Each structure stands twice: as C-alpha cells, then as structure tokens.
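Take a moment with the sequence and the structure below. Then follow the chain step by step.

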Amino acid sequence: MNRDKRFRQWVAEQPCLLAGKPGHYCQTWSGKRDCAHVRTKTLAGDRMNCVSLCRAAHQEQHAMGIKSFEVKYQIDLTDEAQRLDGLYVQQTQSFTEEGAA
C-alpha cells in the first residue's frame, strides 16, 4: 500500500473535524468518516489537502463550497490539514523508531 493511501486511511480514522461544533450534528457514530479534500481534487496527492469529516459534514462541504463551509464553522481547513499531516508524521516516525529498536 502506498504512503498516500495509508495517510488517507489514517485521516479517515480520525475524529470528525466538526465533532462538538455548534450547528453540526456529527454522524461519527455511523463509523463513516471521509478524507475530505480542502482544495481542488487535482492536488489529491498532496497530503496537506485532507481533513477528517463525517459523511454528513463532507456532503455539506461539497454542497456549500469550501469557503462558505469554513466561514460557517469558523475553521481553516488548510490549517487543519497541515495539523493532521504533522500529527501523522509524528506518529509514523514514532512507530518506525519503535520498530527499529
């Protein structure tokens, strides 16, 4: 499995970015979270282009557009994608170092 696919799977295992936000009924309980793109899908290979959203939030993001979605929920999806990428790198480095020990 290539690294990008592992990353997308890891992102989809993270809590929905909107869990607990006012105005959003999170469907994380359904177990379906998506690796949602925060910019154009042509950058799909860019790891800093994904956040974890429950299916309902992901559909809402597509319906209203990224900028309107960010305004509504007072979030910066690009910043969140960068945060997730950093967390992923930290966790995978720790795992790699533990395996080498």
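Two residues are in contact when heavy atoms of theirs lie within 4.5 Å. Keep that in mind for L18. Leaving aside neighbours within four places in sequence, L18 is in contact with H24, L53, A57, F69, Y73 and I75. We will come back to several of these names.

First, the overall plan. This is a predicted model. The chain has 101 residues. Its secondary structure comes to four helices and two strands. Reading along the sequence gives the pattern α-β-β-α-α-α. Buried residues make up 36% of the chain. The chain exposes about 6300 Å², and carbon and sulfur atoms supply 53% of that area. Now take the contacts between residues at least 6 apart in sequence. Of these, 58% join residues at least 24 apart.

Next, the strands. Strand β1 covers residues 33-37, and strand β2 covers residues 50-54. The two run antiparallel, with five bridges joining them. You can check the pairing residue by residue. R33 stands opposite C54 in β2. D34 stands opposite L53 in β2.

How enclosed is β1? Four of its five residues are buried, so β1 is largely enclosed by the rest of the structure. The cut-off for buried is under 20% relative accessible area. C35 has a relative accessible area of 16%, so it counts as buried. Strand β2 is mostly covered too: five of its five residues are buried. Its side chains point in two directions. C50, S52 and C54 point one way, while V51 and L53 point the other way. C50 is buried because its relative accessible area is 1%. You have now met several cysteines, but the structure holds zero disulfides.

Now look for the nonpolar core. In soluble globular proteins, nonpolar side chains tend to be buried together. Here, the largest nonpolar core has 22 residues. Which residues have the most contacts inside this core? They are L18, V51, L53 and F69. L18 is in contact with two of the others, L53 and F69. Several elements help to build this core. Helix α1 (3-13), β1, β2, helix α3 (66-73) and helix α4 (77-100) each supply at least two residues.

Helix α2 (residues 55-64) deserves its own visit. A57, H58, E60 and Q61 are buried there. They cover an arc of only 160° around the axis, which puts them on the same side of α2. On the other side, Q59, H62 and A63 are exposed. Why can a helix show such sides? An α-helix has 3.6 residues a turn, so residues three or four places apart point the same way.

Pick out Q61 in helix α2. Is Q61 buried or exposed? Q61 is buried, because its relative accessible area is 2%. What does Q61 touch, not counting residues up to four places away in sequence? The list is A36, H37, V38, L53, I66, F69 and L77. L53 and F69 are also contacts of L18.

Finish just after α2. There, G65 takes a positive phi of about 90°. Helix α3 then covers 66-73, and helix α4 covers 77-100.

Notes:
Residues numbered from 1 in each chain as written. Predicted model: local features only at pLDDT ≥ 70, side-chain atom pairs only at ≥ 80, totals over all residues. Heavy atoms only, no water. Buried < 20%, exposed > 50% of the residue type's maximum accessible area, 1.4 Å probe, protein only. Areas by Shrake-Rupley, 256 points an atom, 1.4 Å probe, with all protein chains shown as cover. Pairing = 2+ DSSP bridges. Disulfide = S-S within 2.5 Å. Core = buried A, V, L, I, M, F, W, Y, C linked by side-chain atoms within 4.5 Å. Arc of directions from axis to C-beta.
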